Amino acid sequence: RDLRMSRGLGDVYKRQEDYIGLFGSSVGTLGNICVVSGLVNGNNYVGGICGFNYEGIITSCDNAAQVSGALHSGGVCGFSNYHGTIALCRNTGQVSGTDNRVGGVCGYNSISVISECYNAGQVSGTGKNNIGGICGENGSGSILTSCHNTGPVEGEESVAGICGLNTGGMVNSSRNDGAVSGAMYVLSLIHISEPTRHAQIS
């Protein structure tokens, strides 16, 4: 069944704690969940739907709550790790981080897949690195495909409309229509680190 959460029920405020979200962590399947308003606030691994996704599937989920954290903060998921999947998800809430790896959909995508996701929320990591409209950082062995960002993105270094930093993963068939601002390595789509031979953009 569909699950919808609104302000009050949707507020999760634990500033000093890690693994914060509607679900703190998941190793299974989360689907057809909509957080329509509220505030999700924590320390590291903070997401509107899930703080930490390990080998799990997050599909057809929407977040409109404000998400605020430190390291690994995302509108849908803070950190997706080891063959995790985030697909057909949407974020329209504001996402902010006081540390690195902040993304409109996912803060850090590690050996995992992000597919057909959309972000319209503002993403900010002022003074911090690896800030992206869809994903803050896409790690080696990861895939980011068929995604679209329209939200504004701002940070300090490695700031981009789709992926703040790609470290050996694959990024393709994605589009950015949001404004991007920062101090160093500011690009419309993606900042690619060395080596670049596995990264693709189309």
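This report walks through a predicted model of one protein chain, from its overall make-up to a few single residues.

**The chain as a whole**

The chain has 202 residues, and 54% of them are buried. Its secondary structure comes to 33 strands and zero helices. Contacts reach far along the sequence. Of those with a separation of 6 or more, 79% join residues 24 or more positions apart. The chain exposes about 8,100 Å². Carbon and sulfur atoms supply 47% of that area.

**The nonpolar core**

In soluble globular proteins, nonpolar side chains tend to be buried together. Here, the largest nonpolar core holds 34 residues. The residues with the most contacts inside this core are I49, I58, I86, I114 and L144.

I86 shows how such a residue is surrounded. Setting aside neighbours within four places in sequence, I86 is in contact with I58 and I114, both also on the list of residues with the most contacts inside the core. Other partners of I86 include V76, V105 and V113. C77, C106 and C117 touch I86 too, as do S80 and S115.

**A nonpolar patch on the surface**

Some nonpolar side chains are at the surface. V27, Y54, Y82 and I111 make a nonpolar surface patch of about 350 Å². V27 sits in the loop between β3 (23–26) and β4 (29–31). Its relative accessibility is 65%, above the 50% cut-off, so V27 counts as exposed.

**Four residues in their places**

The table sets out where four residues lie and how accessible they are.

| Residue | Place | Relative accessibility |
|---|---|---|
| Y19 | loop between β2 (12–13) and β3 | 40%, partly exposed |
| S60 | loop between β9 (57–59) and β10 (62–63) | 29%, partly exposed |
| G125 | loop between β21 (123–124) and β22 (129–132) | 0%, buried |
| N176 | strand β30 (residues 175–176) | 11%, buried |

**Two positive phi angles**

Most residues other than glycine have a negative phi. Y19 has a positive phi of about 60 degrees, although it is not a glycine. S60 is not a glycine either, and its phi is near 55 degrees, a positive value. Both residues lie in loops: Y19 between β2 (12–13) and β3, S60 between β9 (57–59) and β10 (62–63).

**G125, a buried loop residue**

Is G125 buried or exposed in its loop? G125 has a relative accessible area of 0%, under the 20% cut-off, so it is buried. Which residues does G125 contact beyond its neighbours within four places in sequence? They are G97, I131, E154, G155 and E156. E154 is 29 residues from G125 in sequence. In space, the two are 6.3 Å apart, C-alpha to C-alpha.

**N176, a buried polar residue**

N176 lies in strand β30. At 11% relative accessibility, N176 falls under the 20% cut-off and therefore counts as buried. Its side chain makes a polar contact with the side chain of N149, at 2.8 Å. A polar atom of the N176 side chain also lies 3.0 Å from the backbone oxygen of G178. Not counting residues up to four places away in sequence, N176 touches N149, G161, I162, S188 and L189.

**In brief**

The predicted chain has strands and zero helices. Its largest nonpolar core has 34 residues, and a nonpolar patch that includes V27 is at the surface. G125 is buried in a loop, and N176 is buried in a strand.

Methods. Residues are numbered from 1 along each chain as its sequence is written. This is a predicted model: local features need pLDDT of at least 70, side-chain atom pairs count only at pLDDT 80 or more; totals for chains, interfaces and linings use all residues. Side-chain values use heavy atoms; hydrogens and water are left out. Patches are made of residues with over 30% relative accessible area and no salt bridge: like charges are joined within 9 Å, nonpolar side chains (Val, Leu, Ile, Met, Phe, Trp, Tyr) within 5 Å. Accessible areas come from the Shrake-Rupley method with a 1.4 Å probe; for residues, only the protein chains shown count as cover. A salt bridge is a side-chain nitrogen of Lys or Arg within 4 Å of a carboxyl oxygen of Asp or Glu. Helices (H or I, at least four residues) and strands (E, at least two) are DSSP runs, numbered from the N terminus. Buried means under 20% relative accessible area, exposed over 50%, partly exposed in between (1.4 Å probe, protein chains only). A nonpolar core is a set of buried Ala, Val, Leu, Ile, Met, Phe, Trp, Tyr and Cys residues joined through side-chain atoms within 4.5 Å. Contact means heavy atoms within 4.5 Å. A polar contact is a pair of N or O atoms within 3.5 Å; within protein, one must be able to donate a hydrogen and the other to accept it, and residues adjacent in sequence count only if both atoms are side-chain atoms.
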